[in-house]
Amino acid sequence: MKPTPPPSSALDALVEGLRRLPGVGPKSAQRIAHHLLQYDRDGAARLGAALTHAVATVRHCALCNTFTEHTLCDICSSERRDRSLLCVVETPADRLMVEQTLTYRGLYFVLMGRLSPLDGIGPKDIHLDRLIERATDGDVKEVILATNFTNEGEATAHTIAGLLKSRGLNVTRLARGVPVGGELEYVDVGTIAQAVLDRRAS
């Protein structure tokens with residue numbers, strides 16, 4: 001019978017928690033943990049409280065699937081948006097970048113990911129069933145595919161275009177103002193604005 005491992009210390013648990021952040025390895029997690037405990041305990045406490053509050057209150061918007069504290073996000077609940085346009089993006093960060101261009105006044109659907117068979121991410125994982133239901137609600141006339149120009153993003157756009165075109169919807173794709181291999185979160189606002197304006201049939 002294997003001996004029961006001793007419980008992790010509070011510091012070990014903190015380091016392990018920080019390692020869950022993207023791009024944070026063991027050494028970085030250790031440095032962050034030590035910094036917070038040595039120099040910024042107040043900041044650490046506020047960070048912990050904010051995380052606990054967010055986990056308890058943030059949910060997915062019933063229409064567009066982005067993060068919100070309410071049933072509908074601020075964009076979906078706005079009467080000023082053009083309900084005939086639906087822009088499909090991969091993440092809430094991508095949605096924010098499109099919004100910052102000030103060129104788009106329609107609604108969104110946030111996939112919360114992209115198709116990636118090698119990583120085991122299929123259609124159900126990115127809510128394609130909800131997207132189809134949303135796009136065929138009778139109000140949407142054009143679906144703009146604003147997935148990233150990575151291999152996975154292109155494959156996701158191709159799959160969505162096929163599903164929606166077969167249902168009679170007009171589907172367009174962001175123009176190539178966004179560089180191949182680029183991710184919207186890291187592209188400048190001017191480039192995204194031009195890509196939205198120059199979108200093409202997909």
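**Figure 1. How much of the chain is tucked away.** Of the 202 residues in the protein chain, 38% are buried. Keep in mind that this is a predicted model. There are seven helices and seven strands to find your way around. Starting from the N terminus, the elements run α-α-α-β-β-β-α-β-α-β-α-β-α-β. The C-alpha trace spans about 60 × 40 × 30 Å along its principal axes. If you count contacts with a separation of 6 or more, 56% of them link residues 24 or more positions apart.

**Figure 2. A look into the largest pocket.** The space in the largest pocket comes to about 220 Å³. Its lining is made of Leu-14, Gly-17, Leu-18, Leu-21, Leu-36, Leu-37, Ala-44, Leu-47, Gly-48 and Leu-51. Helix H1 (10-18), helix H2 (26-39) and helix H3 (41-57) each put in at least two residues. H3 gives the largest share, with four residues. As for character, eight lining residues are nonpolar, two are polar and none is charged.

**Figure 3. The open sheet, strand by strand.** Five strands sit in the order E4-E3-E5-E6-E7, and their pairing is mixed. E4 and E7 are the edge strands, each with a single partner, so one side of each has no neighbour in the sheet. At the E4 end, E3 and E4 run parallel and are joined by five bridges. One pair to look for here is Val-89 with its bridge partner in E4, Val-110. At the other end, strand E6 (residues 170-173) pairs with E7 in the antiparallel sense over two bridges. There, Thr-172 has Ala-201 of E7 as its bridge partner.

**Figure 4. Strand E4, an edge strand under cover.** E4 stands at an edge of the sheet with a single partner strand. Is E4 left open or enclosed by the rest of the structure? Five of its five residues are buried, so E4 is largely enclosed. Part of the picture is helix H5, whose buried residues pack against E4 as well as strand E3 (82-89), strand E5 (142-145) and helix H6 (151-165). E4 also helps to cover the buried residues of helix H4, along with E3 and helix H7 (189-197), among what covers them.

**Figure 5. Helix H5 and its two faces.** In H5 (residues 128-135), the buried residues are Leu-128, Leu-131, Ile-132, Arg-134 and Ala-135. Looking down the helix axis, you find them within an arc of 165°, so they line one face of H5. The general rule behind such patterns is that an α-helix has 3.6 residues a turn, so residues three or four places apart point the same way. On the face turned away from the buried side, Asp-129 and Glu-133 are exposed.

**Figure 6. Arg-134, an arginine on the inside.** Arg-134 belongs to helix H5. Its relative accessible area is 8%, and because the cut-off for buried is under 20%, Arg-134 counts as buried. Which residues does Arg-134 touch, not counting those up to four places away in sequence? They are Leu-63, Leu-86, Leu-107, Phe-109 and Val-140.

**Figure 7. Helix H4 and what lies over it.** Asp-94, Arg-95, Met-97, Val-98 and Glu-99 are the buried residues of H4 (residues 92-100). Their cover includes E3, E4 and helix H7. Just past the helix, look for Leu-102, which follows H4 and has a positive phi, near 60°.

**Figure 8. Thr-66, a buried loop residue.** Thr-66 lies in the loop between strand E1 (59-60) and strand E2 (67-68). With a relative accessible area of 2%, Thr-66 is buried. Beyond its neighbours within four places in sequence, Thr-66 is in contact with Arg-59, His-60, Cys-61, Cys-73, Pro-92, Arg-95, Val-110 and Met-112.

**Figure 9. Arg-200, out on strand E7.** Arg-200 lies in E7 (residues 200-201). Is Arg-200 buried or partly exposed? Arg-200 is partly exposed, with a relative accessible area of 36%. Setting aside neighbours within four places in sequence, its contacts are Val-171, Thr-172, Arg-173, Leu-174 and Arg-176. To get a sense of distance, compare Arg-200 with Leu-18: they are 182 residues apart in sequence and 42 Å apart in space, C-alpha to C-alpha. Leu-18 is one of the residues lining the largest pocket.

Technical notes. Residues numbered from 1 in each chain as written. Predicted model: local features only at pLDDT ≥ 70, side-chain atom pairs only at ≥ 80, totals over all residues. Heavy atoms only, no water. 1 Å grid on protein atoms, 1.4 Å probe; cavity = no way out; pocket = protein on both sides within 12 Å on 5 of 7 lines; lining within 4 Å. Points joined across faces, edges and corners; volume = space filled by probe spheres on them. Nonpolar A, V, L, I, M, F, W, Y, C, P; charged D, E, K, R; others polar. Buried < 20%, exposed > 50% of the residue type's maximum accessible area, 1.4 Å probe, protein only. Contact = heavy atoms within 4.5 Å. Arc of directions from axis to C-beta. Pairing = 2+ DSSP bridges.
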